[in-house]
Amino acid sequence: MLAAYARNVNPEDPFDVLSVGEIEPPSVPEEWTRVRLVAASINHHDLWSLAGVGLRAEQTPMILGTDAVGRTEDGDEVVVYPVIADPSLDDETLDPKRTLLSELHPGTLAEYVSVPARNLVPAPKGWTAAEAACLPTAYLTAWRMLTSRGRLGADGAVLVQGTGGGVATAAIVLAEALGARVYATGRTPERREKAAALGAVPVEAGGRLPERVDVVIDSVGAPVMAHSIKSLKPGGRLVNCGVTGGPIAEVDMRHVFFKQLEIVGSTMGTLAELRELLLFCAESGLRPLIDSTHALADAEQALRRLASGDAFGKVVVTA
């Protein structure tokens, strides 16, 4: 079958170990099921895998991809929940042995995808497969950050750091749909203009906000830490899900203890939260923002688009 996969890992030149071509379909584990790919969205996780972050050379070849919409043998379109964890837990993300597709098990950038049967959720009615494929990682991550981890109130204010990435754009549209006042930083005027078009008040990177916020949504890390802390009101929450700008940050603890702030980590979301997200999208009319769509055979072009830093919204691959 056609797939995009890492044939090795290379921190210096990740694309040197990317292959897009025919590969033997992996076996389907017991109690798992296989669906035919309709659409998949890509994430920085895929680029990190090629670079050897979370993926070891001895695990290759490994099919990339965490997100997908597939079609079952009955012809139903389903969203693939990409977290592989103990199904008996109320919160799968807290399983110390949890993995995502493309870490221990083959991922979604292939003509066929195998997952536990419970990981399949009916796709939203009236959505394109490309739209639905955006949800399982970026939008689910942003949803959990805003709701269960960030506890954003109905009349709250939120700052989204680093407008343009998948999680950041998801957080803007979700927070706006939740009724929050949304501020978003962007490193260029063009990105700030796009953030404004999504309903956010644009702010220059590191700039002062019109008000202090209840929640900061951050996937950047070190470069924005000081700004995030200063932007929070007393009792506010900084929720972080990634470190695309660097992992080692300095924190002025005086702000943290005096304003009684919370610094909260967040990773993906539960299967129940994915169902909540799908229901919220259906009721609110929200649609994911798509930057570009590429054929599976052009997966390298899609990955390079994400790696360029120029994408605004999700990059999608279709079968």
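**Loops, strands and sheets in a predicted model**

Student: In the loop between which two elements does Pro 61 lie?

Tutor: This is a predicted model, in which local features need pLDDT of at least 70, side-chain atom pairs count only at pLDDT 80 or more, and totals for chains, interfaces and linings use all residues. Residues are numbered from 1 along each chain as its sequence is written, and side-chain values use heavy atoms, with hydrogens and water left out. Helices (H or I, at least four residues) and strands (E, at least two) are DSSP runs numbered from the N terminus. On that basis, the loop holding Pro 61 lies between helix H1 (44–50) and E4.

Student: Which residue does a cis peptide bond join to Pro 61?

Tutor: The omega of this bond is about 0 degrees. The partner of Pro 61 in the cis peptide bond is Thr 60.

Student: Which residue of E4 stands opposite Ala 6?

Tutor: Strands count as paired if DSSP finds at least two bridges between them. Strand E1 (residues 2–6) and E4 run antiparallel and share 2 bridges. Opposite Ala 6, E4 places Met 62.

Student: Which strands stand at the edges of the sheet E2-E1-E4?

Tutor: This is an open sheet of 3 strands with antiparallel pairing. Two of its strands have a single partner each, so one side of each lacks a neighbour in the sheet. They are strand E2 (18–22) and strand E4 (62–63).

Student: What is the order of the open sheet of 6 strands?

Tutor: The pairing in this sheet is parallel. Strand E13 (201–204) and strand E16 (262–265) are at its edges, each with one partner strand, so one side of each is left without a neighbour in the sheet. The twist from one strand to the next averages 20 degrees. The order is E13-E12-E11-E14-E15-E16.

Student: What angle does helix H5 make with E13?

Tutor: Strand E12 (residues 181–186) is paired in parallel with E13 over 4 bridges, with Gly 186 as the bridge partner of Glu 204 in E13. Helix H5 (residues 189–197) packs on the sheet and touches both E12 and E13, where contact means heavy atoms within 4.5 Å. Axes are lines fitted to C-alpha atoms, for helices over the stretch in contact, and angles between N-to-C directions run from 0 to 180 degrees. Between H5 and E13 the angle is about 160 degrees.

Student: How many of the residues of strand E18 are buried?

Tutor: Buried means under 20% relative accessible area, exposed means over 50%, and partly exposed is in between (1.4 Å probe, protein chains only). Strand E18 covers residues 314–318 and is largely enclosed by the rest of the structure, because its buried residues number 4 of the 5.

Student: Which residue in E18 is the bridge partner of Ser 292?

Tutor: E18 has a parallel connection to strand E17 (residues 290–295), made by 5 bridges. E18 also pairs with strand E3 (residues 32–41), in the antiparallel sense over 3 bridges, and there Ser 41 stands opposite Val 316. The partner of Ser 292 is Val 315.

Student: What is the relative accessible area of Ser 102?

Tutor: Ser 102 sits in the loop between strand E8 (99–100) and strand E9 (112–116). Although Ser 102 is not a glycine, its phi is positive, at about 85 degrees. The residue is buried, and its relative accessible area is 1%.

Student: Is Met 268 buried or exposed?

Tutor: The loop between E16 and helix H8 (271–284) contains Met 268. Met 268 is not a glycine, yet it has a positive phi of about 50 degrees. With a relative accessibility of 6%, Met 268 is buried.

Student: Which residues does Ala 222 touch, not counting residues up to four places away in sequence?

Tutor: Ala 222 is in the loop between strand E14 (213–218) and helix H6 (225–231). It is partly exposed, at 23% relative accessible area. The residues touched are Gly 246, Ile 248 and Ala 249.

Student: What percentage of the 319 residues in the protein is buried?

Tutor: The protein has 9 helices and 18 strands. Its C-alpha trace spans about 55 × 45 × 40 Å along the principal axes. Of the 319 residues, the buried share is 55%.
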